[in-house]
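User: I'm new to reading protein structures. Could you walk me through one, feature by feature?

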Amino acid sequence: MISLTDSQKIGMGLTGFGVFFLFFGMILFFDKALLAMGNILFVAGLSFVIGLERTFRFFFQKHKIKATGFFLGGVLVVLIGWPVVGMVLEIYGFFLLFRGFFPVVVGFIRRIPILGSLLNLPGISGPS
């Protein structure tokens, strides 16, 4: 089992609440307040989990500047009050930032009993 420090546990909670508020804000037709709260909690939770310095280094790597601009620009646009435009920018930036992690996530999901068999179906698993 992975041992977490107290600040990492707090970060996991903040990140979880951030994702919940983002999801709930989108379900409630892009509610500005919920999306703004979700954005703040997600970024704060991420910095608690991996540390402030590593968060800064992750977002401001030379090859990720465009993705960071879209993601943080989307957060700013949501905070200003245009939630739909902001979420589109954020989602695009999120996919650019975390595209290196998606193959790892898919590999992990393939090892889960029911989900793994669904991902190995023809047409989903990729070209044969």
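User: Among contacts in the protein chain between residues at least 6 apart in sequence, what percentage join residues at least 24 apart?

Analyst: First, a word on what you're looking at. This is a predicted model, in which local features need pLDDT of at least 70, side-chain atom pairs count only at pLDDT 80 or more, and totals for chains, interfaces and linings use all residues. Residues are numbered from 1 along each chain as its sequence is written, and side-chain values use heavy atoms, with hydrogens and water left out. Now, contact means heavy atoms within 4.5 Å. Here, 49% of the contacts between residues at least 6 apart join residues at least 24 apart.

User: And how many helices and strands are there in the protein chain?

Analyst: Helices and strands are DSSP runs, numbered from the N terminus: H or I with at least four residues for a helix, E with at least two for a strand. This chain has seven helices and zero strands, so along the sequence you read α-α-α-α-α-α-α. As for dimensions, the C-alpha atoms fill a box of roughly 45 × 35 × 35 Å, taken along the principal axes.

User: How do I read a single helix? What span does α1 reach from its first C-alpha to its last?

Analyst: The expected span of a helix is 1.5 Å times one less than its number of residues. Helix α1 covers residues 6–27, 22 of them, and reaches 32 Å, close to the 32 Å expected. You can try the same reading on α5 (83–98): its 16 residues reach 22 Å, close to the 22 Å expected. Just after α1 comes phenylalanine 29, whose phi is positive, near 55 degrees.

User: Which residues of α1 are buried?

Analyst: Buried means under 20% relative accessible area, exposed means over 50%, and partly exposed is in between (1.4 Å probe, protein chains only). In α1 the buried ones are Gly11, Thr15, Gly18, Leu22 and Gly25. They sit on the same side of α1 because they cover an arc of only 100 degrees around the axis, the arc being that of the directions from the helix axis to the C-beta atoms. Here's the general idea: an α-helix has 3.6 residues a turn, so residues three or four places apart point the same way. On the other side of α1, Asp6, Phe17 and Phe23 are exposed.

User: What do the buried residues of α1 pack against?

Analyst: They pack against α2 (32–50) and α5. Helix α5 has its own buried residues, including Gly86, Met87, Glu90 and Gly93. What covers the buried residues of α5 includes α1, α2, α3, α4 (65–80) and α6 (102–110). For the whole chain, buried residues make up 28% of the 128 residues.

User: Can we try single residues? Is threonine 68 buried or exposed?

Analyst: Threonine 68 is found in helix α4 and counts as buried because its relative accessibility is 2%. Leaving aside neighbours within four places in sequence, threonine 68 is in contact with Phe59, Phe60, Gly73 and Leu97. Lysine 62, in the loop between α3 and α4, counts as exposed at 81%. Valine 106 lies in helix α6 and is partly exposed, at 34%.

User: Now pockets: what volume does the largest pocket have?

Analyst: On a 1 Å grid over the protein atoms alone, a pocket is an open set of points where a 1.4 Å probe fits, with protein on both sides within 12 Å along at least five of seven lines; lining residues have an atom within 4 Å of a point. Grid points are joined across faces, edges and corners, and a volume is the space filled by probe spheres set on the points. The largest pocket has about 460 Å³. Its lining residues include Met12, Phe42, Arg54 and Phe101. The elements giving two or more residues to that lining are α1, α2 and α3 (52–59), with α2 giving the most, four residues.

User: How about the second largest pocket: which element gives the largest share of its lining?

Analyst: That's α5, with five residues. This pocket holds about 260 Å³ of space, and Val19, Phe71 and Glu90 are among the residues lining it.
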